[in-house]
Amino acid sequence: MGKVRIDRLLGNLGYGTRKDAQRIVKSGRVAVDGEVVTDATRSVDPEAVTLDGEPLDAPLGLVVALHKPVGYVCSHSDREGPPVFDLLPEQWMLRSPRPTTVGRLDMDSSGLVLVTDDGALVHALTAPRRHVEKRYVVTLDRSPGADFARLVEQFASGTLLLRGDDAPCRPAALEALDESTFVVLMTEGRHRQVRRMFANLSYEVTSLLRTHIGEYTLDGLAEGEWRHAGPSA
């Protein structure tokens, strides 16, 4: 990000409207490289700005790793359940562009969700041609036993066609952790895909936890907790 007007910067980062930002600057609360600035139209390096003596919150773009609990939805609407955005600072929802999730998880699943206002990052992580790998830990309703080899073969085949879909799933890797718990590595993100893949082979997923999206990882985050994971981290 290059230089930007102070009032536009503060407004885009959720510190209020453009007029609110102008009042903040004129009140002497903003400094650039330690020097108080009262001209809200001045173009500045976002990282050089402080407000009330504190650095701005994620001035180069918001990228957050969040451990989504079961029961929350990856949506700004609360029609189907509490949004994951309720777990984050309210000010972030005033940012422009408004943060969105990368790697949606259904209400019954938990684990890593990325929240960002960086459209280029969203595209880089979700564009089908990028083949970004995601890792899931799943528990099944029963042990496959000798049927495990068939599951591995079907997941890796690239021919598994899910009900309602026109194209088969890309090859995915399946590894056993114990008799009924498995790791799934895949590069797609269709709606409830992991659950549907197992259901297609007559198994029910009773729990699903995503631990990785590309290089981003859950890495010890407790349910409901988050941390900065982008350039301002």
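The paragraphs below lead through selected features of this structure, which is a predicted model.

A suitable place to begin is the open sheet. It consists of 4 strands, arranged in the order E3-E2-E5-E6, and their pairing is antiparallel. Strand E3, covering residues 35–36, and strand E6, covering residues 54–55, are the edge strands, as each of them pairs on one side only. In general, the strands of a sheet pair through backbone hydrogen bonds, in either a parallel or an antiparallel manner. Within this sheet, strand E2 comprises residues 30–32 and is joined to E3 in the antiparallel sense over 2 bridges. Where these strands meet, valine 32 stands opposite glutamate 35 in E3.

Glutamate 35 also leads to a feature of the surface. Together with Asp33, Asp45 and Glu47, Glu35 forms a negative surface patch. One member of this patch, glutamate 47, is located in the loop that runs between strand E4 (43–44) and strand E5 (49–51). Glutamate 47 has a relative accessible area of 54%, and because the limit for an exposed residue is over 50%, glutamate 47 counts as exposed.

Attention may now turn to helix H4. This helix spans residues 148–157, and phenylalanine 148 is found in it. The relative accessible area of phenylalanine 148 is 23%, so this residue is classed as partly exposed. A comparison of positions relates phenylalanine 148 to valine 49: the two residues are 99 residues apart in sequence, and their C-alpha atoms are 57 Å apart in space.

The charged side chains offer a further view of the model. A search of the whole structure finds 12 salt bridges. Among the residues concerned, Asp106, Asp108, Arg192 and Arg195 are linked in a network of salt bridges. This network can be followed pair by pair.

In one pair, arginine 192 forms a salt bridge with aspartate 106, and the closest N and O atoms are 3.5 Å apart. Arginine 192 belongs to the loop between strand E12 (181–186) and helix H5 (193–200), while aspartate 106 belongs to the loop between strand E8 (100–102) and strand E9 (110–116); the pair thus links distant parts of the chain, 86 residues apart. Arginine 192 is partly exposed, at a relative accessible area of 32%, whereas aspartate 106 counts as buried, at 16% relative accessibility.

Aspartate 106 also meets the side chain of arginine 195 in a salt bridge, with an N to O distance of 3.3 Å. Because arginine 195 lies in helix H5 and aspartate 106 in the loop between E8 and E9, this pair ties together parts that are 89 residues apart in sequence. Arginine 195 is buried, its relative accessible area being 11%.

Arginine 192, in turn, forms a salt bridge with aspartate 108, where the closest N and O atoms are 3.9 Å apart. This pair likewise links distant parts of the chain, 84 residues apart: arginine 192 is in the loop between E12 and H5, and aspartate 108 is in the loop between E8 and E9. Aspartate 108 is partly exposed, with a relative accessible area of 42%.

Definitions and conventions:
Residues numbered from 1 in each chain as written. Predicted model: local features only at pLDDT ≥ 70, side-chain atom pairs only at ≥ 80, totals over all residues. Heavy atoms only, no water. Patch = residues over 30% accessible without salt bridge, like charges linked within 9 Å, V, L, I, M, F, W, Y side chains within 5 Å. Areas by Shrake-Rupley, 256 points an atom, 1.4 Å probe, with all protein chains shown as cover. Salt bridge = Lys/Arg side-chain N within 4 Å of Asp/Glu carboxyl O. Lys, Arg positive; Asp, Glu negative; His and termini not counted. Charge placed at Lys NZ, Arg CZ, Asp CG, Glu CD. Buried < 20%, exposed > 50% of the residue type's maximum accessible area, 1.4 Å probe, protein only. Pairing = 2+ DSSP bridges.
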